[in-house]
Amino acid sequence: MMERKLTILYGSQSGTAQDLAEQIWRESKMYFFRGNVLPMDEYDVSELIGERFVVCVCSTYGQGEEPDNMKRFWKFLLRKSLPTDSLQQVHFAVLGLGDSRYPKFNYVAKKLHKRLLQLGGSALLPVGLCDDQHDLGYGAVFLPWIDQLWEELTHIVPLPVGTLKLPESPREFRWQVDIVKEDGGNPDSIDLYAEVKMPNGFQTVVVENRRTTAVDHFQDVRMITFEKKAVPWCSGDVLYVRPHNSKDSLDQLFEIFHEHEFNLNRKTCVQVKAIDTEMPVPSILQQPLPLVAIAEQYWDLTAIPRARAFAVLAKNCTNELEREKLIEFSRYEGQEELFAYANRPRRTILEVLLDFPHATKCLTLEALFELFQPIKPRAFSIASAAESGKLQILVAVIEYKTKLSVPRRGLCSHWLKHLQPGNVINAWVRKSTFQLPADNKTPLVMIGPGTGLAPFRGILQERELSETPTSAPLVLFFGCRSSTADFHCEEDLKRMEQSGMLQLFCAFSRDQPEKVYVQHLIKKEGVLLKKLLIENAGYVLVSGSSKNMPQAVKEALIEAIGDAQHIEKMIHANRYQEETWA
């Protein structure tokens with residue numbers, strides 16, 4: 001009988017692919033599979049030849065790049081010396097996480113699936129293409145895909161005669177969590193991630209945190225300056241930071257603990273322990289820690305809960321009405337209802353706990369580590385050139401209203417807003433998703449409304465401070481509401497324009513009766529854009545909100561140059577690039 005071993009590997013940039021890989025691992029226990037779940041780069045890829053069943057979950061980053069923790073794995077698979085029958089014993093399945101707004105949607109998953117086939121592997125099922133743009137999120141593809149996975153696997157390796165699939169996973173929880181009497185130390189002095197070494201990682205100090213928008217403007221935008229460190233960066237590169245929860249969120253969490261008579265307070269010291277080798281404890285949680293440090297730095301208290309959280313809440317719930325609703329939200333058939341309840345109004349996990357008091361009362365420490373997602377790092381385009389001696393980011397502080405009474409607030413932007421000069425943070429730099437032309441004489445057409453300006457300010461500043469100034473045409477289409485309220489980096493841009501190095505087009509949408517956006521200005525510049533993009537083989541770089549702007553800009557460029565096919569050729573040649581965010 002074929003061994004019931006299933007190896008689950010993930011390539012994850014922000015943590016979502018890891019979450020889904022762990023869910024597959026958890027469900028595999030219902031079918032009596034054993035096996036590890038690991039980042040691809042922590043797996044000994046030479047052992048792949050001896051595997052029978054492998055599931056790979058991977059996201060696509062930027063312009064079709066693989067995540068940092070699968071680069072070595074992918075490089076090994078690309079070796080030309082590998083025989084085409086290397087993986088003839090391997091049955092595999094690939095699940096991709098992507099965003100259909102990008103031309104290279106799920107590119108990494110597609111190329112991994114193709115390469116595994118080239119090496120002789122047998123696909124258990126077609127590559128799963130999860131789309132962040134779907135109303136129901138990744139679950140719209142993931143949930144039916146995983147059901148199909150179990151169907152295929154049980155067809156190849158049926159359960160032993162007389163053995164039935166378990167109704168729920170025997171590994172509902174990843175780890176064992178105990179309250180210990182040890183002193184976890186002063187919570188204010190604990191940095192969970194102090195010993196975590198990231199590529200190009202460093203500690204830096206806040207030098208200035210300045211509001212760039214008018215005080216009476218509806219949105220607070222910040223130019224935050226950090227001390228320049230030895231870590232190098234190039235124009236357009238990205239700074240990653242990992243935020244902390246706010247005092248208000250922490251107060252709300254511990255009030256919930258108090259209200260439900262949990263024997264837990266801020267100073268309660270807990271020890272997280274591995275149950276087996278399949279699911280090791282992250283290094284940051286391996287020592288005894290006060291609960292407040294975990295709540296502030298590890299658990300995302302503002303996250304919108306996924307289906308998994310509702311299954312955890314339903315587990316020991318004694319109230320029939322609550323349990324019934326929670327089970328509905330946790331199943332594929334209830335995903336539309338879950339979207340209406342949680343995703344559309346952006347309801348946080350803490351608000352869900354308040355809505356389901358009977359279920360909350362039954363939670364255990366182990367359940368809390370399943371319920372709360374880890375805080376994911378956030379990325380910001382660096383808005384300055386290394387030559388300036390300053391490391392700067394331009395941050396829009398997120399705050400908006402839904403049907404819920406309390407305004408929604410962005411976890412990271414509000415954390416950044418409240419940083420004070422002298423505060424120390426951990427950060428790391430990653431290469432830009434923008435791939436700039438090697439020849440500095442190639443024209444650049446940059447389109448960056450709002451904080452989409454950030455990477456272009458860095459690119460322009462680098463050119464301005466260069467010892468060999470570029471003669472290339474540099475064009476920027478910038479947009480904001482008002483020339484007096486939110487014209488970010490106005491002084492810099494006007495100086496560059498006056499010096500002749502930059503052609504600047506500004507769309508101030510509310511400064512006249514009719515709204516004017518960057519796409520309206522683009523349509524008027526057909527002569528200029530034909531010359532730069534068609535005659536001189538220039539590049540187009542688009543940065544900013546992913547909602548409507550990128551498509552509107554693309555349509556405007558097609559109208560301006562009168563050649564849709566040329567724009568498509570630019571996209572395929574990587575001369576038309578987008579860096580957008582929700």
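**View A. E261, an exposed loop residue of the predicted model.** In this predicted model, E261 has a relative accessible area of 67%, so this residue counts as exposed. Look for E261 in the loop that runs between helix α5 (247-259) and strand β11. Its backbone is worth a glance too: phi of E261 is near 60 degrees, a positive value in a residue that is not glycine.

**View B. A537, a partly exposed residue with positive phi.** Here we visit the loop between α17 and β21 (539-545), where A537 is found. Phi of A537 is near 55 degrees, again a positive value in a residue other than glycine. Is A537 buried, exposed or partly exposed? With a relative accessibility of 38%, A537 counts as partly exposed.

**View C. The crossing of helices α17 and α18.** Helix α17 covers residues 526-535 and helix α18 covers residues 549-561; their axes come within 8 Å and cross at roughly 95 degrees. Angles from 65 to 115 degrees count as roughly perpendicular, and α17 and α18 are therefore roughly perpendicular to each other. Which residues make the contact? From α17 come G526, L529, K530, L533 and I534, while α18 supplies L557, A560 and I561. By type, the residues of this contact divide into six nonpolar, one polar and one charged.

**View D. The four domains of the chain.** The domain assignment splits the chain into domain 1 (7-156), domain 2 (201-242 + 376-430), domain 3 (246-371) and domain 4 (444-580). Note that domain 2 is given as two stretches, 201-242 and 376-430. If you compare domain 3 with domain 4, their centres, taken over C-alpha atoms, are separated by 44 Å.

**View E. The largest nonpolar core.** This core holds 83 residues, and those touching the most other members are I24, V57, L149, L285, Y298 and W299. Helix α4 (residues 139-156) gives the most to the core, contributing seven residues. Why does the core lie between domain 1 and domain 3? Domain 1 (7-156) and domain 3 (246-371) both give residues to the core, so it lies between them. A second core, separate from this one, has 27 residues, including L394, A396, F434 and M446.

**View F. I24 and its surroundings.** Now zoom in on I24, which is found in helix α1 (residues 16-28). The relative accessible area of I24 is 0%, so I24 is buried. Leaving aside neighbours within four places in sequence, I24 is in contact with I8, V55, V57, F142, W145, I146, L149 and W150. For a sense of scale, I24 and Q63 are 39 residues apart in sequence and 27 Å apart in space, C-alpha to C-alpha.

**View G. L285, a buried residue in a loop.** L285 is found in the loop between β11 (269-274) and β12 (289-290). Being in a loop does not put L285 on show: at 1% relative accessibility, L285 counts as buried. Apart from neighbours within four places in sequence, L285 is in contact with W175, V272, I294, Y298 and F369. Y193 sits 92 residues away from L285 in sequence, yet the two are 9.7 Å apart in space, C-alpha to C-alpha.

**View H. The contacts of Y298.** Y298 touches L285 and also W175, L192, Y193, P282, I284, A293, F369, Q373, P374 and I375, not counting residues up to four places away in sequence. Y298 is also one of the residues that touch the most other members of the largest nonpolar core.

Key:
Residues are numbered from 1 along each chain as its sequence is written. This is a predicted model: local features need pLDDT of at least 70, side-chain atom pairs count only at pLDDT 80 or more; totals for chains, interfaces and linings use all residues. Side-chain values use heavy atoms; hydrogens and water are left out. Axes are lines fitted to C-alpha atoms, for helices over the stretch in contact, and angles run from 0 to 180 degrees between N-to-C directions. Helices (H or I, at least four residues) and strands (E, at least two) are DSSP runs, numbered from the N terminus. Angles under 35 degrees count as roughly parallel, over 145 as roughly antiparallel, 65 to 115 as roughly perpendicular and the rest as oblique. Contact means heavy atoms within 4.5 Å. Ala, Val, Leu, Ile, Met, Phe, Trp, Tyr, Cys and Pro count as nonpolar, Asp, Glu, Lys and Arg as charged, and the others, Gly among them, as polar. A nonpolar core is a set of buried Ala, Val, Leu, Ile, Met, Phe, Trp, Tyr and Cys residues joined through side-chain atoms within 4.5 Å. Buried means under 20% relative accessible area, exposed over 50%, partly exposed in between (1.4 Å probe, protein chains only). Domain bounds come from an automatic or database domain assignment.
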